[in-house]
Amino acid sequence: MEVWRERREMDGFSTGRDQASTDLVGREPETQGLRRFVARIAAGTAGSLRLIGDPGVGKTSLLDHAASLAVKAEIRTLRATGSQFEADIPYAALHQLLHPCMTEIPRLDPPLAAALTVALGLGGEGSPPPQLLVANAVLALLREVAGERPVLLIVDDLPWLDRTSALVLAMAARRIAGHPVAVLTACRTGEPSHFDQSDLPATRIEPLSEQAAAALLSSRYPAMTPRVRRRLLDAALGNPLALLELPVSLGDPARSGLPETLPLSHRLQNVFAARVRALPTPVFELLLLAVLDGTGDLRTIRVIAAGHADADLSAAEHTGLVQADEIRGRLAFRHPLIRSAIVDLSTREQRRRAHARLAHHLADRPERYAWHLAGATDGPNEKVAVLLQQAAHTTLLRGDSVGAVARLLRAADLSPTGKARSGRLAEAAYLGAIVTGDLREAPQLMEQARLAHPEPDEPFTAAMARSYLLLHADGDIDAAYRVLITAVRDLDDARDGRYKALWEVLYILIMVCFFSGRPDLWPPVQQLVDQLKPHPPEILAVLAGTLGDPARATPAMLERVDASVADLARQVSPARIVRTGIAVAYLDRLSACREPLQRAVQHGREGGAITSAIEALFLLAQDAFHTGRWDEAQHLADEGLALCDTHGYDLLTWPGRLTLGLLAAARGDTTKAIGIAQAMESWAAPRRTGIITTYAHHIRGLAALGLADCETAFHHAAAISPPGTLAPYTPHALWVFHDLVEAALPSGRRDEAARHVAAARDLDLERLSPRLRLIVLAGAALTGLETDGTALEATIKEPGNDRWPFDLARIQLTYGSHLRRAKHTTDARRHLTAATDTFHRLGAGPWATRADLELRATGVTITPAATGLAALTPQQRQIALLAAEGRTNKEIAARLYLSPRTVSTHLYQAFPKLGITSRAALRDALTPPEVQTDRPHDVRHSATSGSAEVYRDGRSSA
């Protein structure tokens, strides 16, 4: 194991000292692995590696060893170390890591160079860039640097990286494949980090063996008695840091007496505290300045300490607590726990004085100045609170929402009036909810805001946050609407189009109107949006113009919609991406938003905006369902629902459950589909969330269509929008238009279907999207408005219509059945064959069965498909057998080393092959055929080379 050296190589600055492997006692396997890792860097195949272990186990020394090997191999090494007290400074670690490369930044493309310059606080102009743009800039810089020689990034203490640096470095680490750039990181076992390490290979650093621990202790403390050595070996349990530092706390290592107990959970902190307490007060206060400053800038500390002759760092250096690098001007603590010990041992007055001195020195750095000024302030101070609130907004723009919330909370503490405190607490609650997904914590902050200012004239931000919680936590549509409308009307100028808080309030109002499903709420909100001066933000205008009543979207609005979608290619804001997706969902443009929505999801997975990631997952799931990627839709919806459960969202779950309900209905799992619909109805009724009731009607109607219960299906579709009209402010009518027409024809309601098609043509729905053109033309042909089927045939054949395979196959099934009854057998076979192929591919069991029967009625030879276990893949068979035994998806997943979502997907794929629609039928479906009777068989049409049908001569059997 390592010797805890007199200094650590910090901040990427190598001293050139040869750290030979002989310094690492008992670490031969680890050093050999690092030697191989370094050797692969030049070839560009090293990738990434993380070292995981308990505190003090030797990870840092192994990083030092890797750095030494890299220097010998002429590999450029960049280093950074996370700091508990730099965690609130955006991009602090990134600045530390890239400091040696600052001169290479101008070589980058101007947008990337500008983004990195601003993010690192190097004097760049403009708004703080988004994290994704900073990540791209970092990646470009690393590629530029690696063009000269290979690069090794070494990052220690990952859990203490500031959030923005962690997210950016994690994004860059996953994109360095194929370049001579490697990443080597270290973190403590079980400690959470903003740096996503899930994809990085790991090496666990275990405690030293008994033999190696004894050798280390003897080499450093040869005079120690065997009894003391034995006690320390037992207490340290192979932890090298404890082995090396416990004797220091004991004093004379040759002593034979020891305390009766050595509390293991506190021993390292006690060691550091004991060493810090020995420092003279002026030296201790100088170190406290360094800790609170958090930058490691030696010059700053010495300038502040100028004139205090007794404040000398040499005493701290002699004890090994710090190392001053005079050449680079850096002050490095030997271990982060030393920083913790210094803060723990300081008094409140000492910390206040240190912050005041730092604030005076950093008056030209607004963010740091505000933070230290706040730390130096005891009582309420509105001036300081305003500065800190402004710093929070700047921090947010730089991508650190957690840091922004922290600053807002501190600003609230400093607020001299209850109303000001209430507004800042509410802003922190809202920001935490919409960005970090901390919906369960927001009510506590809102209650504090209410207590701070219990008067009726609550701050505008409080109304914004309160309505958001009413909507998403409680689902109280009416209360949220009242709060927001009242707050806007009470503004001095409700038309100020530059007031960003007003934008957020209007966005929430639009979503309130959507979830309410009530037409009367929309016009006042539309008026508020339209009256903004100089003009409303484009996404707000598009949302208001499409989400409420997409059927009546003007050509000019459709142009703006398409422009907004096109703009997503350069858009990096997850909220903006998601809001655009919501605006265009009912206009069938989600597929064009797929890549930006995937970026929003990935941003959330990497620790970014969780709420936007949830909404993006559900939008992607809806798109996957409509475009026939049903397994993907299942996975996306499940992931979004898991995040909702983790973060306490309730209202947001229903779009995801809608997708799952539609999937279940389409696959024939009627029990599950109706269960989801019932849950929607129970939740929506007392809250008057009409769109959720609409979702339930949609699911029930589709399930009824699958069972050929057209009477029930018609009533559910008509409950959303009556036949003969597309009700205003009812966007979901566009998604169930096809359901109503399809259900009306077999149930003897041709006139109602015809009126519905006529209403669609009056509104010219065909112009909205190719999907709507397809179903409107199909409805016109099937209801007799188009007596000639030529237009429908042409529409079916139009390139791109297979993007909506379920809709297209249902049209072909209805049309093919119509042609069969009209004795146009050859044309009927063609459409029915295409329909049955699509239904079987999708796993749409009920529709596949109906299409097979219709096809057989045209005279096609039908051969029984494999049924039971023979029809399943080996994985499906194993999962089905376990499920038939009564095991849950979670139990099956644990046994087979799969995810529960994968198990669920395999079961859904197995159900139609087994001829069943629910889990309850599995046992009977898997019973050996010889003990079954009257078992229905799935059927398939004969095919040659997998495509050409073999028809039987003769008339239709219909």
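## Salt bridges at the surface

Arg498 is exposed, with a relative accessible area of 66%. In this predicted model, the Arg498 side chain meets that of Asp496 in a salt bridge, with 3.5 Å from N to O. Asp496 is partly exposed, at a relative accessible area of 23%. The pair therefore joins an exposed arginine to a partly exposed aspartate.

A second pair is formed by Glu458 and Arg466, whose closest N and O atoms are 2.7 Å apart. Glu458 is partly exposed, with a relative accessible area of 26%. Arg466 also counts as partly exposed, at 34% relative accessibility.

## A salt bridge between two helices

Arg594 forms a salt bridge with Asp623, and the closest N and O atoms of this pair are 2.9 Å apart. Because Arg594 lies in helix α28 (residues 594–605) and Asp623 in helix α29, the pair ties together parts that are 29 residues apart in sequence. Arg594 is partly exposed, with a relative accessible area of 25%. Asp623 has 4% relative accessibility and so counts as buried, the limit for that class being under 20%.

Salt bridges that share partners also join Glu285, Glu349, Arg352 and Arg353 into one network. The structure holds 42 salt bridges. Side chains of opposite charge can pair when their charged atoms come close.

## Overall make-up of the chain

The protein chain has 45 helices and nine strands. Of its 958 residues, 58% count as buried. Among contacts between residues at least 6 apart in sequence, 70% join residues at least 24 apart.

## Nonpolar cores

The largest nonpolar core has 192 residues, and Phe806, Phe839 and Leu922 are the ones that touch the most other members. Helix α23 gives the most to this core, with 13 residues. Another core lies apart from it and has 46 residues, among them Met102, Leu120, Leu158 and Ala166.

Around Phe839, leaving aside neighbours within four places in sequence, the residues in contact are Phe806, Ala809, Arg810, Leu813, Ala844, Trp847, Ala848 and Ala851. Phe806, one of these contacts, is thus named together with Phe839 among the core members that touch the most others.

## Cavities

Rolling a probe the size of a water molecule over the atoms shows where empty space is left. The structure holds twelve cavities of 30 Å³ or more, and about 240 Å³ of space lies in the largest cavity. The largest cavity is lined by 17 residues, of which Phe514, Ile582, Leu619, Gln622 and Pro655 are the closest to its centre.

Three elements, α23 (500–516), α29 (610–626) and α31 (653–667), give two or more residues to the lining of the largest cavity. The largest share, four residues, comes from α29. By class, this lining has 14 nonpolar, two polar and one charged residues.

## Helices that recur

Two helices appear under more than one heading. Helix α23 gives two or more residues to the lining of the largest cavity and gives the most to the largest nonpolar core. Helix α29 gives the largest share of that cavity lining and holds Asp623, the partner of Arg594 in the pair with helix α28.

Key. Residues are numbered from 1 along each chain as its sequence is written. This is a predicted model: local features need pLDDT of at least 70, side-chain atom pairs count only at pLDDT 80 or more; totals for chains, interfaces and linings use all residues. Side-chain values use heavy atoms; hydrogens and water are left out. On a 1 Å grid over the protein atoms alone, a cavity is a set of points where a 1.4 Å probe fits but cannot get out, and a pocket is an open set with protein on both sides within 12 Å along at least five of seven lines; lining residues have an atom within 4 Å of a point. Grid points are joined across faces, edges and corners, and a volume is the space filled by probe spheres set on the points. Ala, Val, Leu, Ile, Met, Phe, Trp, Tyr, Cys and Pro count as nonpolar, Asp, Glu, Lys and Arg as charged, and the others, Gly among them, as polar. A nonpolar core is a set of buried Ala, Val, Leu, Ile, Met, Phe, Trp, Tyr and Cys residues joined through side-chain atoms within 4.5 Å. Buried means under 20% relative accessible area, exposed over 50%, partly exposed in between (1.4 Å probe, protein chains only). Contact means heavy atoms within 4.5 Å. A salt bridge is a side-chain nitrogen of Lys or Arg within 4 Å of a carboxyl oxygen of Asp or Glu.
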